[in-house]
Every structure is written in structure tokens, then in C-alpha cells.
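User: I am new to this structure and would like a close look at one part of it, namely the nonpolar interior. Please take it slowly and keep the pieces connected.

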Amino acid sequence: MASSDAFTTPANTRGAPVVRDDRGSARRLRCQYHSWTYEIDRGSLISVPDERDFVDLDWHERCLPRAKCDTFGGFVFVNRDVDAIPLADWIGPMAEMLAPFRAEDLREVYRESRIVPCNWKVTAEAFLEVYHFRHIHSHDGVSVLDNRGAAMGLYPHGHSRMITPYSRQNLERSGLSSWDDWKPLNQHGMRTIDGVPGMVDCTSTAVSIFPNTIIPLGRIGFPINIFWPRRQRHHPPRLDLLRVAARGRRPVPRRAVDGVAGPPRRVQPDHGRRRDEHGPDAAVDGVSGAHRNPDQPTREPQNLAPPRGNRPDYRTRQHPPPN
């Protein structure tokens with residue numbers, strides 16, 4: 001884990017932003033309303049137009065508000081509480097669980113945001129149980145998971161892990177005799193993450209980082225689901241889906257090509273992933289997830305709200321951002 005500097009974007013004058021872009025680089029930060037300028041490293045105020053008009057200006061007090069910032073697994077965590085405990089202490093045992101997947105070495109292959117018209121906790125809780133699985137996520141009448149064997153583990157700071165065995169029918173399709181074979185399965189040419197425990201192939205293993213991040217793990221990669229509460233009327237609750245995979249060009253799966261059938265396809269939990277006949281990395285907007293250009297703009301969030309007039313008034317209290 002490595003620490004970084006972070007600041008909140010509104011400047012001290014009229015709350016105008018000093019940054020509008022989602023990404024980029026700059027040597028200094030400048031308020032776009034009054035042109036007050038700040039250092040990029042410490043957020044110190046270094047330039048004020050017409051300084052003579054600001055009698056007894058305390059330059060130190062007018063620096064950009066700081067936030068606590070740290071990294072883990074290639075991801076950046078920001079907390080507005082500068083007195084919060086270190087990220088390493090907050091993550092705790094989750095770091096050991098995620099270490100074999102070497103998330104810092106993975107690459108982004110797909111990103112999508114969806115607006116969900118309900119309290120964000122309702123959406124997140126749907127990922128914390130598999131009781132609904134055989135009714136919602138069955139394939140050709142076969143449930144992928146056996147919800148009766150689900151085991152939940154609770155950890156400090158609200159984190160959790162859920163492990164669910166595959167159903168008997170799915171074990172047979174996968175060539176397994178039991179859910180605890182812990183046998184690495186043939187991924188049919190898909191690039192895999194080396195060193196992942198065999199249990200991941202034989203079960204559905206998902207970790208939850210409190211309060212709003214759920215990660216269903218997999219040997220070929222995994223989605224990261226982040227749930228955001230409503231900040232105000234024009235910022236409704238949102239689900240961000242980010243999918244990561246092992247680096248390197250993905251070989252073409254050995255399935256039906258030119259009418260020749262490939263090996264049988266193993267059914268896996270979709271965990272909100274889009275599916276079609278082309279496999280787990282289905283093309284979206286004509287762009288294959290595995291070959292997606294990282295510089296290509298992502299799609300606008302899809303609004304899943306009911307028609308206006310029938311839209312219920314969902315309200316939620318703003319919670320502080322996670323560490």
C-alpha cells in the first residue's frame with residue numbers, strides 16, 4: 001500500500017471546481033471562477049489576482065481542503081476524514097484473500113454505470129445472498145449454484161466473504177465429482193491469473209469491502225461492483241461495474257467456429273455480467289470487452305427508472321465515503 005495526496009475539488013471562493021476532467025495531469029490547480037492558483041503537491045495557495053484587495057489574507061488557511069488517500073491492489077481509496085485509520089488496518093484480512101489475484105497487475109476490459117432508482121443499500125444487499133439464485137439465474141433450467149451450501153464469513157470493519165458451492169448439475173457439466181475437488185478447470189484458451197486457489201474454480205467466491213464494494217472473484221478475471229448513494233436530486237443512486245482481467249491478448253475461445261463445435265461450455269454465475277452467444281466477454285456496442293480501447297469513452301449511465309409519474313420517491317441519507 002502506498003499513500004498519495006488528495007484534495008477536494010471546490011476552491012475556497014464560491015465553491016468553484018479547480019478540476020473538471022475525469023483524468024489528466026497538471027503542474028498547478030487553478031480555480032476556474034476567480035483564478036486562484038494552488039500547488040499540485042500540497043494544495044498550497046500560491047497566486048491570487050488583485051491580492052491588494054484581500055487585506056490580511058491568510059494564505060495557509062486558504063489552501064485546498066485535504067483528504068486521506070491510499071492505494072491497494074492498484075486501486076485508489078480516498079477518505080475525506082484525514083484522521084481515519086490507515087487503509088491497511090481498515091482492509092485487514094481482506095488483503096490476504098485478495099493477494100493471490102494480484103489486482104495491481106490486471107487490466108480493465110469493461111466499464112459501465114447504471115442509475116438504479118432505489119436506496120443504494122437495497123441494490124447492494126441483492127449481491128450478499130444467493131437464496132434467489134435458482135429462481136433468477138438458472139440456465140436451461142439448471143441452477144448454477146446450490147444456495148443451501150452458502151457460507152458467510154464476517155470480518156472486522158464490516159467486511160465479509162461468501163462462498164457458495166456449484167449445484168450438482170453444474171458439477172457434472174464441469175467434470176467434477178464434488179464441489180470440494182478444488183480442481184483447476186480448463187478455461188478453454190482464456191488467459192488466467194496464476195496462483196489462484198483451486199477453490200475459486202469449484203465455487204462462487206465473493207468478497208464484500210464495507211460499505212459499498214462487492215467483488216465476485218474468478219480465475220480469468222472478475223467484476224468489481226461499486227454502489228453509490230444519492231447525493232441530491234440530480235445525482236440518483238448509481239451502480240458502477242468495472243471488469244478486470246489478466247494482461248495479454250485473449251485467444252479466441254475454442255467454441256463453434258465455421259460450424260465446428262468446440263468443447264462444452266462451463267456455466268458460471270453471471271454476477272450481473274452481460275451474456276450472449278459469444279461467451280463471457282460479450283461485445284457491447286460492437287466493442288469486445290477483452291479488446292476494448294481504454295481511451296474509448298464509456299457509455300452514459302443507463303437510467304433504469306420507471307416512467308415519470310409512476311416513479312416512487314426513494315430517499316436515502318448521505319453516508320461518508322468509504323476508506
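Does Cys-31 count as buried or exposed, and why?

Analyst: Cys-31 counts as buried, because its relative accessibility is 0%, and the cut-off for that label is under 20%. Please keep in mind that the model is predicted. Cys-31 belongs to a core of 11 residues, whose members also include Leu-29, Trp-36 and Leu-45. Another cysteine, Cys-202, is likewise counted as buried because its relative accessibility is 0%, yet the number of disulfides in the model comes to 0.

The core that holds Cys-31 lies apart from the largest nonpolar core, which has 22 residues, and in that one the members touching the most others are Ile-91, Phe-101, Ile-193, Val-207, Ile-215, Leu-217 and Phe-222. At least two residues of this largest core come from each of helix H1 (87-91), helix H2 (94-98), strand S10 (203-209), strand S12 (221-228) and strand S13 (238-245). Val-207 gives a view of the surroundings there: leaving aside residues up to four places away in sequence, Val-207 touches Met-94, Met-97 and Leu-98, then Ser-160 and Arg-161, and also Thr-213, Ile-214, Ile-215 and Leu-217.

In soluble globular proteins, nonpolar side chains tend to be buried together. As for the setting of these cores, the protein chain has 323 residues, of which 41% are buried, and its secondary structure consists of 6 helices and 14 strands. Among the contacts with a separation of 6 or more, 56% join residues 24 or more positions apart.

Conventions:
Residues are numbered from 1 along each chain as its sequence is written. This is a predicted model: local features need pLDDT of at least 70, side-chain atom pairs count only at pLDDT 80 or more; totals for chains, interfaces and linings use all residues. Side-chain values use heavy atoms; hydrogens and water are left out. A nonpolar core is a set of buried Ala, Val, Leu, Ile, Met, Phe, Trp, Tyr and Cys residues joined through side-chain atoms within 4.5 Å. Buried means under 20% relative accessible area, exposed over 50%, partly exposed in between (1.4 Å probe, protein chains only). Helices (H or I, at least four residues) and strands (E, at least two) are DSSP runs, numbered from the N terminus. Contact means heavy atoms within 4.5 Å. A disulfide is a pair of cysteine sulfur atoms within 2.5 Å.
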